[in-house]
Amino acid sequence: PSRQTGCEATCGKVPLRNGNFWHRPKSLKELEALLTLPNSKILSGNTSKHVEKYYQRIKAEYKNIIDISSVEELNMMSTEGNNLKIGSSVSIQSFLNLVASIPANSVNIGKIKSALTKVGSVSMREQGTVAGSLFLQKRNPSFCSDISVILACFNASLTINESCDCR
């Protein structure tokens, strides 16, 4: 088959056996192009599949799965003064590693590190993302996200990029 021009040529559009498609954009620009696709689900670590089965009675079938784990801008991590900045696709373990690398000159750093080590198992922290945990709680209010509790305790703020007028 011939490749189409545009995002499909670079986003890793993979047909699945059930007729659905798996997309893996590499940049925010490619992601924004995919956000206009109908009947789509965005995921990164996809650990929610293990949790949502207990909360949702109706299973949704998505025609387009958009895996944002390779979007470079969503995997950024930095420290600026007393602030930590992390992208939505950063794994919980990477967040823990960033916190652990900061000199413990603040009592809060030690407390955040301690709290993060109690989130799930190591394999879950490697796969699950900070934003995914928050979204899982938003979608299933009876699910208590350890991440939301940790962030709330330390008066964290979230910045949500709504530059795309897609959803």
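## Exercises on a predicted model

Thr 129 lies in the loop that runs between helix 5 (122-127) and helix 6, where helices (H or I, at least four residues) and strands (E, at least two) are DSSP runs numbered from the N terminus. The model is a predicted one, in which local features need pLDDT of at least 70 and side-chain atom pairs count only at pLDDT 80 or more, whereas totals for chains, interfaces and linings use all residues. Residues are numbered from 1 along each chain as its sequence is written, and side-chain values use heavy atoms, with hydrogens and water left out.

**Exercise 1. Determine whether Thr 129 is buried or exposed, and list the residues that it touches.**

Step 1. Thr 129 has a relative accessibility of 7% and therefore counts as buried, given that buried means under 20% relative accessible area, exposed over 50% and partly exposed in between (1.4 Å probe, protein chains only).

Step 2. When residues up to four places away in sequence are not counted, Thr 129 touches Ser 44, Gly 45, Ser 88, Ser 89, Val 90, Ser 91 and Ile 92; contact here means heavy atoms within 4.5 Å.

Step 3. One of these residues, Ser 91, is 38 residues from Thr 129 in sequence, yet their C-alpha atoms are 4.1 Å apart in space.

**Exercise 2. Describe the open sheet of four strands, giving the strand order and the sense of each pairing.**

Step 1. The strand order is 1-2-4-3, and the pairing is mixed; two strands are taken to pair if DSSP finds at least two bridges between them.

Step 2. Strand 1 pairs with strand 2 (residues 21-23) in the antiparallel sense over two bridges, and within this pair Val 14 stands opposite Trp 22 of strand 2.

Step 3. Strand 2 runs parallel to strand 4, to which three bridges join it, with His 23 opposite Ile 66 of strand 4.

Step 4. Strand 3 is likewise parallel to strand 4, through four bridges, and Leu 43 has Asp 67 in strand 4 as its bridge partner.

Step 5. Strand 1 (14-15) and strand 3 (40-43) stand at the edges with a single partner strand each, so one side of each has no neighbour in the sheet.

Step 6. Strand 4 (residues 64-67) is covered on both faces, since Asn 64 and Ile 66 on one side are buried, as are Ile 65 and Asp 67 on the other. In a regular strand the side chains alternate between the two faces of the sheet.

**Exercise 3. Examine the hairpin of strand 5 and strand 6, and then the positive phi of Asn 39.**

Step 1. Strand 5 (residues 77-80) and strand 6 (residues 83-86) run antiparallel and are joined by four bridges, among which Glu 80 has Asn 83 as its partner in strand 6.

Step 2. Two residues lie between the strands of this hairpin, and Gly 81 in the turn has a positive phi of about 60 degrees.

Step 3. Asn 39, a residue other than glycine, also has a positive phi, near 50 degrees; Asn 39 belongs to the loop between helix 1 (28-34) and strand 3 and is partly exposed, with a relative accessible area of 46%.

**Exercise 4. Identify the helices that supply at least two residues each to the largest nonpolar core, and analyse the packing of helix 6 and helix 7.**

Step 1. The largest nonpolar core has 14 residues, and those with the most contacts inside it are Ile 92, Phe 95, Val 99, Leu 116, Val 130 and Ile 147. Such a core is a set of buried Ala, Val, Leu, Ile, Met, Phe, Trp, Tyr and Cys residues joined through side-chain atoms within 4.5 Å.

Step 2. At least two residues of this core come from each of helix 3 (92-101), helix 4 (107-116) and helix 7 (146-153), with the largest share, four residues, supplied by helix 3.

Step 3. Beyond its neighbours within four places in sequence, Ile 147 is in contact with Ile 92, Leu 116, Val 119, Val 130, Ser 133 and Leu 134.

Step 4. The axes of helix 6 (residues 130-139) and helix 7 are 8 Å apart and form an angle of about 105 degrees, which means that helix 6 is roughly perpendicular to helix 7. Axes are lines fitted to C-alpha atoms, for helices over the stretch in contact, with angles from 0 to 180 degrees between N-to-C directions; angles under 35 degrees count as roughly parallel, over 145 as roughly antiparallel, 65 to 115 as roughly perpendicular and the rest as oblique.

Step 5. Across this contact, Val 130, Ser 133, Leu 134 and Gln 137 of helix 6 meet Ile 147, Ser 148 and Leu 151 of helix 7.
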